[in-house]
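This report describes a protein chain for a reader who has not met it before. Please consult the sequence and the model shown here while reading.

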Amino acid sequence: MPATRTRDVPAHAAAPPPVDTWTDPLERKARRGARASGGSAGAAAVGPDGADGGDGTCAAAAQGPAYRPAPPRTAWALIRRALRRHLGAVIPGFLLMALWQTCEAIVPIAIGVIVDRAVVPMDRLALLISMLALLALFAVLSFSYRFGSRCMHFSLLREAHALRVEVARHALLMRGALSGRRPGEVLSLSTADADVAATIFRQLAVGGSAVVGLAGASLYLLWTDVLVGLVVIVGVPLTLLVIAGPSRLISRSSGVQQAAIAEASAAAGDTMGGLRILKAIGGERWASARYHGTSREAARAGVRTADLSGRVTGLGTLSVAIILAGVLLLAGWRVTSGDLSVGQLVSIVGVAAFFSEPVQALTMTVTVFARSHGAAQRLADYLSTGEVEAVDSPAPTSSALEIRGLPLDAADAEAPRTLDLAVPPAGLVIIDAAQPSVATRLADALAGHDSTGHVLLGGTDRSRASRPVAPRMVLSPHAADLFEGTIRSNITLTHDLDEASSAIAPEISPAVLAASATDEVLEAVGTGLDHEVREAGSNLSGGQRQRIALARALHADPDVLVLEDPTSAVDSVTEWTIARGVQALRAERSTLVLTASPAFRALADLVVEIPEDAEPTLVRSVQR
């Protein structure tokens, strides 16, 4: 067989663009700071609890997409990281919100002072000055709330966006991040969980400012009357203890609710993806019953969470009512005994009435924070999965593909079988596995999901090789996933190109279209390569989607192409056309196909059979 050759890499198979073209501004800002300070990937600051230093982004990602900071492993670590990377807006926002709540507490105090200094003495000048001061107080109150709330809301939106980007990036770049997860679950993490976790900024604004307002009002009551102040100082912490008790239950219930929502989203995505097949076989009732079941569980989890939240809110309201009643009764008694003036009574009553708002805000903050904590824990659990690619991961030195002792059976099998195979540098190789589980294990190992070093690419462990490995090797999975756009964009993977764009879509070779039988699809749709493809290719048949996905793999033109059952959705005539086309198009390069297709087997240079209960067998080897 000919030796492995080197060749020019086509433009469409080159490495992806720099990471800065698709990451969020927070990460790009951190990288600019790292470059300005002469930082490197190896010197990236990583703080406690798995959270990275600074604003929580990859401070040294300029070294390439291989670097990944340690993700937060707990909900608290994720929340602390969120606060750290938005300190520039959080600090002024919190101070302004605290000023607003302080002004709210001062309003009833100011009214009491006006009563004592202007109304009771009937001093018109003092009344005029007091009204102007009250107007100024309301102006400060209004603008501090407006701009403080804006700062915190800005941080909330930026953090929610950063979490969505991080969830998507984790799925794209981390090995094994999606193992055992369905797309609907990841979608729920990047939407509902990211939004709920980011509400920590709203809770900090409302809850933190409420604490400041309560502290200021309590100090005034202590200064005015010690007994009244003690009622408040003792009552408020007791109220907070009462409502904080069930917060753990709310957090757990919220986590269950978010998981149920993710399950319902996944079920809906699966149903919509196979809607045409379900209609063809009359499976609408089954699909409807399945979704109703998952949706009902999500609804029940939501009711449980709402029930707990309502009970906590009710406890908080009752506690506030008891505190108010105690303050009013005690203050009225102190006035009748001559220890308080009329103006002081007005102030105390006003401050006591003011207490209800911050205490209720704190009650709501505790319940909402419990939900945020649950969502943050789900995000932290997800971001902790997968395997981080080392900065110094070796790059394959060639395109030689070799399988060494790959286990084919489960770990508890009585007589475990292994596969050893050196894939020739050119020609068509078929692996025919009788058991679907064995075929799946092979595909996972070739895709780099097996970390035991049984698959080597250019002498390098496939699972440890730095990415991307294209154009060395491309694996096209059995699932023909298409994206919204056109047939052209799904083959070239260049989306959103328009007339004003400077980018030019790569040309698609007619040989690629013929080898994948996509030319027949183009004739059937009538509008050619610019035919619209809807979400998940829902306006195409299964066979059409499979042929377009195969054209995408052939267009990538790697040195080694691995195809997983690429013709299961086409008829036997088309299958023969595709097998012959793939053999001719890739005669000078390695093509490994996991299939039982008779057409591929008939044209193969090398066929390896893996029977159900026997060792792998080489049944054909054609010398070229």
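## Strands, sheets and helices

Along strand 2 (residues 418-422) the side chains alternate between two faces: Leu 419 and Leu 421 point to one face and are buried, whereas Thr 418, Asp 420 and Ala 422 point to the other and are not. Buried here means under 20% relative accessible area, exposed means over 50%, and partly exposed lies in between (1.4 Å probe, protein chains only). Strands (E, at least two residues) and helices (H or I, at least four) are DSSP runs numbered from the N terminus.

The model is predicted, so local features need pLDDT of at least 70 and side-chain atom pairs count only at pLDDT 80 or more, while totals for chains, interfaces and linings use all residues. Residues are numbered from 1 along each chain as its sequence is written, and side-chain values use heavy atoms, with hydrogens and water left out.

**The sheet that holds strand 2.** Four strands form an open sheet in the order 2-1-4-5, with antiparallel pairing. Strand 2 and strand 5 (460-461) stand at its edges with a single partner strand each, so one side of each is left without a neighbour in the sheet. Two strands count as paired if DSSP finds at least two bridges between them. Strand 1 (residues 401-407) pairs with strand 2 in the antiparallel sense over four bridges, and Leu 406 stands opposite Leu 419 in strand 2. Strand 4 (residues 455-457) and strand 5 also run antiparallel, joined by two bridges; Leu 457 stands opposite Thr 460 in strand 5.

**The six-stranded sheet.** Another open sheet consists of six strands in the order 6-9-10-3-11-12, and its pairing is mixed. Its edges are strand 6 (473-476) and strand 12 (617-621), each with a single partner strand, so one side of each has no neighbour in the sheet. On average, neighbouring strands of this sheet are turned by 15° against each other, direction ignored. Strand 3 (residues 427-433) and strand 10 (residues 590-594) pair in the parallel sense over five bridges, and the bridge partner of Leu 428 in strand 10 is Thr 591.

**A helix pair.** The axes of helix 3 (residues 87-119) and helix 4 (residues 124-173) come within 7 Å and cross at roughly 160°. Axes are lines fitted to C-alpha atoms, for helices over the stretch in contact, and angles run from 0 to 180 degrees between N-to-C directions. The two helices are therefore roughly antiparallel, a term for angles over 145 degrees. The residues of the contact of helix 3 with helix 4 divide into 25 nonpolar, six polar and two charged. Nonpolar covers Ala, Val, Leu, Ile, Met, Phe, Trp, Tyr, Cys and Pro; charged covers Asp, Glu, Lys and Arg; the others, Gly among them, are polar.

**Positive phi angles.** Most residues other than glycine have a negative phi. The table lists two residues with a positive value.

| Residue | Phi | Loop | Relative accessibility |
|---|---|---|---|
| Leu 493 | about 55° | between helix 13 (487-492) and helix 14 (510-515) | 49%, partly exposed |
| Asp 565 | about 45° | between strand 9 (560-564) and helix 17 (572-585) | 28%, partly exposed |

**Cysteines.** A disulfide is a pair of cysteine sulfur atoms within 2.5 Å, and by this rule the count comes to zero disulfides. Cys 103 is buried at 4% relative accessibility, whereas Cys 151 is partly exposed, with a relative accessible area of 22%.

Methods: Parallel < 35°, antiparallel > 145°, perpendicular 65-115°, else oblique.
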